[in-house]
Amino acid sequence: ARYNVLATVHPWTDKHIQEVIGSTSGVRLITSSNLLPYIALADVCLGDTSSLLAECSALQKPIVTFKTSKARRSLEEIDQLIGQISISIETFDEVRAAVKRCLENPDLRREGQLKANAIMFDALDGKAGQRAAREIRNLLELHNIWL
């Protein structure tokens, strides 16, 4: 009741789970594919290992993340990066204190975010996707792989 909660889920999330989140009092489930306006409105972003954390970092939002167990596709470098840009918690019981900490000190992980942004985006000019696509095409061409 103390917060305006906007939530998003991975597109592959089970429809039943989406319905539960969407019908939860005090929670607004965002279904738009363009999440940047919602991130821009956020005072604090809460996540796990989502790629959305990169956008939150680019917009210099305080971030709280849940520690997750190692998965088949986990990378130690990503875990370290997430640790640099966010306050890490293990349970929902820790959310309120972590959010309060972020609100009281929004620049707490700013230095880590600036370093991570340089790694993830090279430049925050809105063209990171274009640069990534160009590099992928170059690699495909180098290895004679055609789409």
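Student: What makes glycine 126 count as exposed?

Tutor: In this predicted model, the relative accessible area of glycine 126 is 78%, and the term exposed asks for over 50%, so glycine 126 earns that name. The residue is found in the loop between helix 6 (110–121) and helix 7, and its C-alpha atom is separated by 10 Å from that of alanine 58, 68 residues apart from it along the chain.

Student: Why is threonine 31 called exposed?

Tutor: Threonine 31 has a relative accessibility of 70%, which is to be set against the limit of over 50% for the exposed class, and therefore threonine 31 belongs in that class. Its place is the loop between strand 2 (27–29) and helix 2 (36–41), and 28 Å separate its C-alpha atom from that of leucine 75, which is 44 residues apart from it along the chain.

Student: How do you know whether valine 9 is buried, partly exposed or exposed?

Tutor: Buried would require under 20% and exposed over 50%, and valine 9, with a relative accessible area of 23%, meets neither condition, so it is described as partly exposed. Valine 9 sits in the loop between strand 1 (5–7) and helix 1 (15–22).

Student: Which residues does valine 9 touch, not counting those up to four places away in sequence?

Tutor: With that restriction, valine 9 touches Gln18, Ile21 and Leu29, where touching rests on heavy atoms within 4.5 Å. Aspartate 125, 116 residues apart from valine 9 along the chain, has its C-alpha atom 26 Å from the C-alpha atom of valine 9.

Student: What is notable about the phi of glutamine 60, and how is the exposure of this residue decided?

Tutor: The phi of glutamine 60 is near 55 degrees, which is a positive value in a residue other than glycine. Glutamine 60 is found in the loop between helix 3 (52–58) and strand 4, and its relative accessible area of 31% is neither under 20% nor over 50%, so glutamine 60 is partly exposed.

Student: Why is asparagine 144 placed in the exposed class?

Tutor: Asparagine 144 has a relative accessible area of 60%, and since exposed means over 50%, asparagine 144 is exposed. It lies in the segment after helix 7 (128–142), and although asparagine 144 is not a glycine, it has a positive phi of about 55 degrees.

Student: What makes strand 3 and strand 5 edge strands of the sheet?

Tutor: The sheet is an open one of three strands in the order 3-4-5, with parallel pairing. Strand 3 (45–47) and strand 5 (87–89) each have a single partner strand, so one side of each is left without a neighbour in the sheet, and that is what places them at the edges. From one strand to the next, the twist averages 20 degrees.

Student: How do you know that strand 4 is paired with strand 3 and with strand 5?

Tutor: Pairing calls for at least two bridges between two strands. Three bridges join strand 3 to strand 4, and three bridges join strand 4 (residues 63–66) to strand 5, so each pair satisfies the requirement of at least two. As examples of residues that face each other across strands, leucine 46 stands opposite valine 64 in strand 4, and phenylalanine 66 has isoleucine 89 in strand 5 as its bridge partner.

Student: Why is strand 4 said to be covered on both faces?

Tutor: Ile63 and Thr65 point to one side and Val64 and Phe66 to the other, and all of these residues are buried; for each of them that word stands for under 20% relative accessible area.

Student: How many of the elements are helices and how many are strands, and what share of the residues counts as buried?

Tutor: The protein contains seven helices and five strands, running from the N terminus as β-α-β-α-β-α-β-α-β-α-α-α. Of its 147 residues, 27% count as buried, and the accessible surface comes to about 10,800 Å², with 55% of it belonging to carbon and sulfur atoms.

Student: How are the charged side chains of the protein balanced?

Tutor: There are 18 positive and 18 negative side chains, and the centres of the two sets lie 3 Å apart.

Definitions and conventions:
Residues are numbered from 1 along each chain as its sequence is written. This is a predicted model: local features need pLDDT of at least 70, side-chain atom pairs count only at pLDDT 80 or more; totals for chains, interfaces and linings use all residues. Side-chain values use heavy atoms; hydrogens and water are left out. Helices (H or I, at least four residues) and strands (E, at least two) are DSSP runs, numbered from the N terminus. Buried means under 20% relative accessible area, exposed over 50%, partly exposed in between (1.4 Å probe, protein chains only). Accessible areas come from the Shrake-Rupley method with a 1.4 Å probe; for residues, only the protein chains shown count as cover. Lys and Arg count as positive and Asp and Glu as negative; His and the chain ends are not counted. The place of a charge is taken as NZ of Lys, CZ of Arg, CG of Asp or CD of Glu. Axes are lines fitted to C-alpha atoms, for helices over the stretch in contact, and angles run from 0 to 180 degrees between N-to-C directions.
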